[in-house]
Every structure is written in C-alpha cells, then in structure tokens.
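Reader: Please take a close look at the interior of this model, and set out carefully which parts of the chain meet there.

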Amino acid sequence: MSACKRADPPAPAASETAPALALQKIDTVVGTGKEATSGSTAVVNYTGWLYEPKAEAQHGAQFDSSAGRSPFSFQVDGGQVIKGWDIGVQGMKVGGKRTIIVPAEMGYGANGIGPIPPNANLIFDIELLDVQ
C-alpha cells in the first residue's frame with residue numbers, strides 16, 4: 001500500500017507546485033453506516049491514479065490499488081496517510097463510495113514517490129468498508 005503511506009517531504013517552494021487545484025470530494029454512493037470521523041479507524045478499498053484533467057473521468061495512469069489484496073486500514077486524521085486522504089475520507093459512511101481529487105501539496109508534493117512524479121495531482125476512488 002505504498003501509495004497511501006504518509007511521506008514527510010519538505011514543503012515545496014511556491015514555484016515548484018502543481019497548477020492550483022482544490023481538494024474535491026465527490027460521493028458516488030452515499031453510505032448509510034457508521035461515519036468516519038477524526039480518530040476512528042477507516043477500512044477501505046481504493047484505487048489511485050494520476051489526475052489528468054483531459055482524460056476520461058480525469059483518470060490518468062493507475063499507480064496503486066487494493067484490488068486483489070486485503071483492504072487498507074488507517075486512523076483518520078492520524079497522519080498515517082497523505083493529508084488528502086485524512087481530509088477526504090472524513091464524513092464518509094460505511095457502504096459509501098467517494099472519488100477524491102488530491103492536489104499535489106496534499107499528496108506527495110515536490111518529491112513524489114515511486115511511480116508518482118513530483119508535483120502530481122492525484123485522484124482516488126475509495127469505498128468505505130468499515131469504521132472502528
């Protein structure tokens with residue numbers, strides 16, 4: 001689950017950041033179960049892509065997915081994942097599906113990581129399976 005682990009790169013200089021993009025949370029299915037709140041543990045399935053504004057559904061190259069693996073668990077707002085996830089998953093309810101568009105500064109910033117290039121905006125499809 002390397003794409004979701006938190007990295008602690010230095011903050012990028014203003015001239016090195018990706019084009020301005022706000023964090024977006026788009027609910028495709030609104031869940032009806034327990035809500036993911038700060039401090040709770042979220043159990044999710046996810047797929048992550050590079051954000052490509054002109055691509056179909058803005059999905060560029062896929063870089064990670066929990067499909068075929070165990071679901072991914074993390075403490076919401078606990079600093080264990082990128083900031084875009086900490087904010088983007090809050091408010092989801094079990095059974096819900098959400099697409100979050102993450103600006104580079106709330107993702108991996110100027111350093112990038114693995115297949116994610118520096119200053120990349122990201123898009124994730126997330127399904128909330130459980131909240132503990």
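Author: The account below starts with the chain as a whole, then turns to its interior, and ends with a few sites around it.

The model is predicted, so local features are given only where pLDDT is at least 70 and side-chain atom pairs only at pLDDT 80 or more, whereas totals for chains, interfaces and linings use all residues. Residues are numbered from 1 along each chain as its sequence is written, and side-chain values rest on heavy atoms, with hydrogens and water left out.

The protein chain has one helix and six strands, where helices (H or I, at least four residues) and strands (E, at least two) are DSSP runs numbered from the N terminus. Along the sequence these elements follow the pattern β-β-β-β-α-β-β. Of the 132 residues in the protein chain, 42% are buried; buried stands for under 20% relative accessible area, exposed for over 50%, and partly exposed for the range in between, with a 1.4 Å probe and protein chains only. Taking contact as heavy atoms within 4.5 Å, 73% of the contacts between residues at least 6 apart in sequence join residues at least 24 apart.

The interior is best approached through its nonpolar cores, each a set of buried Ala, Val, Leu, Ile, Met, Phe, Trp, Tyr and Cys residues joined through side-chain atoms within 4.5 Å. In soluble globular proteins, nonpolar side chains tend to be buried together. Here the largest core has 25 residues, and those with the most contacts inside it are Val-44, Phe-74, Trp-85, Leu-122, Phe-124 and Ile-126. Two or more residues of this core come from each of strand E2 (41–51), strand E4 (72–75), strand E5 (97–102) and strand E6 (122–131), with E6 giving the largest share, five residues. A second, separate core of five residues includes Leu-21, Trp-49, Tyr-51 and Ile-101. The surroundings of Ile-126 show what one of the core residues meets: leaving aside neighbours within four places in sequence, Ile-126 is in contact with residues that include Val-44, Tyr-46, Trp-85, Val-89, Met-92 and Ile-100.

Strand pairing can be read alongside these cores; two strands pair if DSSP finds at least two bridges between them. E2 and E6 run antiparallel and are joined by nine bridges, and Ala-42 stands opposite Val-131 in E6. E5 and E6 are also antiparallel, pairing over six bridges, and in E6 it is Glu-127 that stands opposite Lys-97.

The aromatic side chains give a further view of the interior. A pair of aromatic rings is described by the distance of the centres and the angle of the planes. Rings of Phe, Tyr and Trp (its six-membered ring) pair if their centres lie within 6.5 Å, and planes under 30 degrees apart count as stacked, over 60 as edge-to-face and the rest as tilted. The structure holds seven such pairs. In one of them, Tyr-46 and Phe-72 are edge-to-face, at 6.0 Å centre to centre and with 70° between the planes; this pair links distant parts of the chain, with Tyr-46 in strand E2 and Phe-72 in strand E4, 26 residues apart. Tyr-46 is buried at a relative accessible area of 2%, and Phe-72 is buried at 5%. The rings of Tyr-46 and Trp-85 have centres 5.2 Å apart and planes at 80°, so this pair is edge-to-face. It ties strand E2 to helix H1 (residues 83–88), where Trp-85 lies, 39 residues from Tyr-46, and both residues are buried. Tyr-46, Phe-63, Phe-72, Phe-74, Trp-85 and Phe-124 form one aromatic cluster.

Three further sites complete the picture. His-59 lies in strand E3 (residues 59–65) and, not counting residues up to four places away in sequence, touches Trp-49, Leu-50, Glu-52, Ile-123 and Asp-125. Asp-130, in strand E6, is partly exposed at a relative accessible area of 31%. With residues up to four places away in sequence not counted, Asp-130 touches Thr-41, Ala-42, Val-43 and Val-94, while the C-alpha atoms of Asp-130 and Lys-34 are 7.6 Å apart, although the two residues are 96 apart in sequence. Gly-39, in the loop between strand E1 (24–29) and E2, is partly exposed at 42% relative accessibility. Leaving aside neighbours within four places in sequence, Gly-39 is in contact with Gln-75 and Val-76.
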